[in-house]
Amino acid sequence: MKKYVVGAGLWLLGMGLATAQPMPLSQAIQLALQNNKGIKLADTRTLAAEARSQETKDRSLPQASASLAYSRYDLTGPFSLGQGSDGKPLVGLPAGAFNATIGGVTISKEIFGGFAEKTAEKSAELLAKASRLDAQRNRSELVYTVTDAYYNIIKLIRSTSVIDQSIRQFNERERDALNLQKEGIVTANEVLKIQLQRNNLQLSRLQVDKARQTALYNFNLLVGLPEDQQITVDTTLANPVTTIEPLSNFLAQAVQVRPEVQANSLRLQSAEALLQNTKSSMYPHFGVSAGYNYINPTARLVPEANSFVSAWNVGAGLSYNIGSLYNLKGRLNTAKTAIDQASLQGQQQTDQIRSEVVTAYNNYQLALEQQNVIRTAVTQAQENYRLTESRFRNGLIGSTDLLEANNFLLQAQLNVINATVDAQLAYQRLLRATGTNM
């Protein structure tokens, strides 16, 4: 990722030093993955899931606590504890007021809790992995979104070029028509029709140009560039891939590679782990503990020798929740229902993915077939326009036939651009459907 960040920085620096070079699609995708707010939000959700997983691991560690308390006592009579070799008590307190400090340290650990700790850790870890796969799916969607926006800009730019070319042709036809009008071959009405069609094209040109400006603005927001950043795109359209694998290969790949499928599988395993976690209440729990306590009948935090009472303690405990014999039915049913839901959601997701792959595959094949038809139509429209223009120059037909031929040609040229871009996008949709567009 670092090399992409450096590359993006160098590209932006070059924007201010020289004429901007076209931004390649791969660069736009990397900028979007780096800067897109939706991706950053998905990453925070992944971090939150990983933090919850760490919390469950932390709860399985031994619990340790320490305490220190100070009290002042007022004895109503003398107190002694034990007797030394000299006949004096080991600890003796005369009647009256005195200070006391009580401290202690305890460490405890549940050795067996019905596999509750293990299943809780497993469930949280699986959910964290599923969250990472969700973030991967978001990245895949973003890659396609950037690709779609990029090609839409190409479509608008190339459409503008075609319209500009048509406007220039109409300017030439207008001059020809005016000359023919002087010679009495065409009427003024024929000239007006040509001028009207040219004005309509200029209106379309303005609409396409505004659409391009809007698309560029939204594209900057999508990839994380400043709103007023001037960028250019590479309008070269490569030929689409015409030889693709059989549909069965794409279907098999999709149900294995798509992040949603893997995430659903992990969520199903997490639900199963939560069921085992719920059943852990039906088992006895066993734990051990160790501690140290001392009582110092003075105000000193560190007592003098033989001036305090101290004791070590170790213990083991076995407990069983008798209520689990009759009060777990609802929780168990809830956990089992969660498993069924995760399983059905996974099956539904798989069916949806298979449907997406089939649709994308057929649409891509259709886009390839349409390209062949449209290219043939362009050749025919060009020849038709050439013949019609020649007849118009010779005064054999009116401007209506010329305008109709021009419209056929203009539409065919725009169809070629749309078909080429749509074929590229159809292939990208197929890659997205199989989870391989990253």
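## Rings, a stacked charge and two helix residues

N171 comes out as partly exposed, with 25% relative accessibility. Keep in mind that this is a predicted model. Here's a quick run through N171's surroundings, the aromatic pairs, an arginine over a ring and a buried threonine.

**N171 and helix α4**
- Helix α4 covers residues 116-182, and N171 is part of it.
- Look across to I194: its C-alpha is 8.8 Å from that of N171, although the two are 23 residues apart in sequence.

**Aromatic rings**
- The model has eight aromatic pairs.
- One of them joins F112 and F115, with 5.2 Å between the ring centres and 85° between the planes.
- That pair counts as edge-to-face, because planes over 60 degrees apart get that label.
- F112 and F115 also belong to a cluster with Y283, held together by ring pairs.
- As for accessibility, F112 is partly exposed at 28%, and F115 is partly exposed too, at 48%.

**A charge over a ring**
- R432 sits over the face of Y144, and the distance to the ring centre is 4.2 Å.

**T388 and helix α8**
- You'll find T388 in helix α8, which spans residues 329-393.
- T388 has a relative accessibility of 10%, so it counts as buried, the cut-off being under 20%.
- Leaving aside residues up to four places away in sequence, T388 touches I397, D401, L402 and A405.

Definitions and conventions
Residues are numbered from 1 along each chain as its sequence is written. This is a predicted model: local features need pLDDT of at least 70, side-chain atom pairs count only at pLDDT 80 or more; totals for chains, interfaces and linings use all residues. Side-chain values use heavy atoms; hydrogens and water are left out. Rings of Phe, Tyr and Trp (its six-membered ring) pair if their centres lie within 6.5 Å; planes under 30 degrees apart count as stacked, over 60 as edge-to-face and the rest as tilted. Buried means under 20% relative accessible area, exposed over 50%, partly exposed in between (1.4 Å probe, protein chains only). A charge sits over a ring if NZ of Lys or CZ of Arg is within 6 Å of the ring centre and within 35 degrees of the ring normal. Helices (H or I, at least four residues) and strands (E, at least two) are DSSP runs, numbered from the N terminus. Contact means heavy atoms within 4.5 Å.
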